[in-house]
Amino acid sequence: MNENEFSSKDVLFMHLALELGDRGLGLTEPNPMVGAVVVKDGKVLSTGYHRKFGEVHAERSALEKINVKGTTLYVSLEPCSHTGHTPPCTDIIIEKGVSRVVIPFADPNTRVNGKGIKILEKEGIKVETGLLKEEAFFCNRHYLKYISTGRPWVTINAGVTIDGKLSDKNRNSQWVTGESLRSVSHSLRGEFSAIMVGLATVKDDDPMLTIREDGWEGKKFVRVILDSGNRLSTKMKIFNMGEEWPLYIFSGKEQKNSGKKCENHFFINSSLGGLDLNDVLCILGEKGIASILVEGGGALISSFLESRLCDEIALFTADKFLGGNNSVEIFSEGVPITDPVKLTNRSIIELDEGYIIRGMI
Ligand SMILES: NC(=O)c1ccc[n+]([C@@H]2O[C@H](COP(=O)([O-])OP(=O)(O)OC[C@H]3O[C@@H](n4cnc5c(N)ncnc54)[C@H](OP(=O)(O)O)[C@@H]3O)[C@@H](O)[C@H]2O)c1
């Protein structure tokens with residue numbers, strides 16, 4: 001159906017379903033974030049959302065609480081029709097006598113992809129698609145890219161000055177941004193399944209690459225280091241965080257016999273420009289990683305921008321200049337003015353000490 005064929009109440013209830021889905025941010029991957037709203041005679045009877053990977057799906061969570069037939073169910077993604085960690089959602093929709101289901105679009109996951117819709121329609125349930133497609137795509141962009149390409153969604157996260165520097169002329173990057181920008185930037189880690197940095201950032205900063213921000217207690221993600229020459233010292237903090245903080249290292253194929261430094265140490269193609277980022281992303285996808293936050297430094301961010309293998313950028317921009325030819329640049333590689341890396345769907349938030357600029361690439 002066309003977006004404008006839906007009523008204003010349909011739009012309202014789908015917005016609510018999307019908002020509910022968002023509550024699973026950072027906790028459901030590699031599954032999608034899904035919200036569900038059950039409505040009868042214009043009134044919301046029940047709501048639900050997918051809280052965490054492996055836990056009950058949104059539709060079941062909303063429907064299992066009620067026993068009213070002839071309802072409309074608004075779901076932010078096509079209901080599943082297969083048994084995974086939980087039973088098919090189509091079962092409970094049929095069992096509870098729902099008469100109409102409204103969704104933005106079919107789930108591109110080959111295990112679903114229209115099958116859920118067909119099963120419901122066969123049971124005489126009216127299924128309407130096409131409501132708030134753009135908004136629903138945005139909410140589930142990590143999942144939708146991962147499920148249709150097998151590779152994770154890539155977001156770049158950088159603390160920069162207005163003149164695009166990640167450090168001062170002595171490579172000192174602590175701190176380019178002030179406390180409030182840093183706190184938001186660190187919280188962003190919680191939304192992702194993995195965090196990636198280049199070898200020089202580990203050597204210079206000796207980071208732990210964890211999350212300590214409020215609201216993300218218990219959240220864990222994979223830490224990924226690119227080290228072509230397998231030269232990383234095992235004395236660095238990233239090696240001493242315990243098994244709950246998985247570490248993946250990527251090195252060049254020619255280092256295959258030089259010893260694995262962790263269980264997930266991969267040896268892949270490399271060239272003068274570094275490791276093949278496409279290979280890195282394919283392996284991360286095979287490992288079930290649906291999203292990755294690339295935190296630097298300059299060389300790694302530059303490689304992602306130049307190869308256009310990134311999908312989004314979050315720039316925490318301090319209201320200051322640092323200048324200097326030797327400072328770490330965000331995009332030293334560069335591209336011609338005729339073919340710039342452009343931002344779309346931009347948002348800019350102004351804080352006391354600078355700006356958060358976010359956009360798709
Ligand atoms: N302000 C911020 O938000 C921020 C964030 C992070 C870091 N930093 C600062 O940035 C500095 C480090 O940045 P950097 O530019 O020198 O280095 P970097 O990006 O941290 O690391 C670059 C290294 O990663 C390895 N690598 C492997 N494959 C690569 C590929 N495809 N593309 C790029 N690199 C690849 C290479 O080393 P091998 O050839 O040995 O593999 C390369 O030299 C530090 O001073 C750090 O403090 C600032």
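Two residues count as being in contact here if their C-beta atoms, placed from the backbone, lie within 7 Å. Keep that in mind for the views below, and remember that this is a predicted model.

**View 1. Leu-131 and the residues it touches.**
Let's start with a single residue. Leu-131 sits in the loop between E5 and helix H5 (133–139). Which residues does Leu-131 touch, leaving out those up to four places away in sequence? They are Glu-3, Phe-6, Asp-10, Val-11, Met-14, Val-102 and Pro-104. Is Leu-131 buried or exposed? With 25 other C-beta atoms within 10 Å, Leu-131 is buried, because 20 or more is enough to count as buried. For a sense of scale, the C-alpha atom of Leu-131 is separated by 36 Å from that of Ile-301, and the two residues are 170 apart along the chain.

**View 2. The five-stranded sheet and helix H1.**
Here five strands make an open sheet, and their order is E2-E1-E3-E4-E5. The pairing is mixed. Strand E2 (43–49) and strand E5 (126–129) are at the edges with a single partner strand each, so one side of each has no neighbour in the sheet. From one strand to the next, the twist averages 15°. Helix H1 (residues 8–22) packs on this sheet and touches strand E1 (35–40), E2, strand E3 (72–75) and E4. The direction of H1 makes about 145° with that of E1. Now look at the E5 edge: strand E4 (residues 100–103) pairs with E5 in the parallel sense, over four bridges. Find Arg-100 and you'll see it opposite Lys-126 in E5.

**View 3. Where the two domains touch.**
Zooming out a little, the protein is divided into domain 1 (3–141) and domain 2 (150–360). Their centres, taken over C-alpha atoms, are 34 Å apart. How many residues are in contact? Five from domain 1 meet nine from domain 2. On the domain 1 side, the touching residues are two nonpolar, one polar and two charged.

**View 4. The nine-stranded sheet.**
This open sheet has nine strands in the order E10-E9-E8-E7-E13-E6-E14-E16-E15, again with mixed pairing. At its edges are strand E10 (264–268) and strand E15 (344–351), each with a single partner strand, so one side of each is left free of a neighbour in the sheet. On average, neighbouring strands are turned by 20° against each other, ignoring direction. At one edge, E15 runs antiparallel to strand E16 (residues 354–360), with six bridges joining them. Ile-349 has Ile-356 in E16 as its bridge partner.

**View 5. Strand E14 and its two partners.**
Why is strand E14 (residues 312–318) largely enclosed by the rest of the structure? Six of its seven residues are buried. E14 pairs with E6 in the parallel sense over seven bridges, and with E16 in the antiparallel sense over seven bridges. Two pairs to look for are Gly-159 opposite Phe-316 in E14, and Ile-313 opposite Gly-359 in E16.

**View 6. The shell around the ligand.**
Of the 31 residues around the ligand, the nearest are Gly-198, Ser-228, Gly-274, Gly-296 and Gly-297. Strand E6 (153–161), strand E7 (194–198), helix H8 (199–205), strand E12 (274–275) and helix H10 (298–307) each provide at least two residues of the shell. Which element gives the most? That's H8, with five residues. By class, the shell has 12 nonpolar, 13 polar and six charged residues.

Conventions
Residues are numbered from 1 along each chain as its sequence is written. This is a predicted model: local features need pLDDT of at least 70, side-chain atom pairs count only at pLDDT 80 or more; totals for chains, interfaces and linings use all residues. Two strands pair if DSSP finds at least two bridges between them. Axes are lines fitted to C-alpha atoms, for helices over the stretch in contact, and angles run from 0 to 180 degrees between N-to-C directions. A residue is near a molecule or strand if its C-beta atom, placed from the backbone, lies within 6 Å of it. Ala, Val, Leu, Ile, Met, Phe, Trp, Tyr, Cys and Pro count as nonpolar, Asp, Glu, Lys and Arg as charged, and the others, Gly among them, as polar. Domain bounds come from an automatic or database domain assignment. A residue is buried if 20 or more other C-beta atoms lie within 10 Å of its own, exposed if 12 or fewer, and partly exposed in between; C-beta atoms are placed from the backbone.
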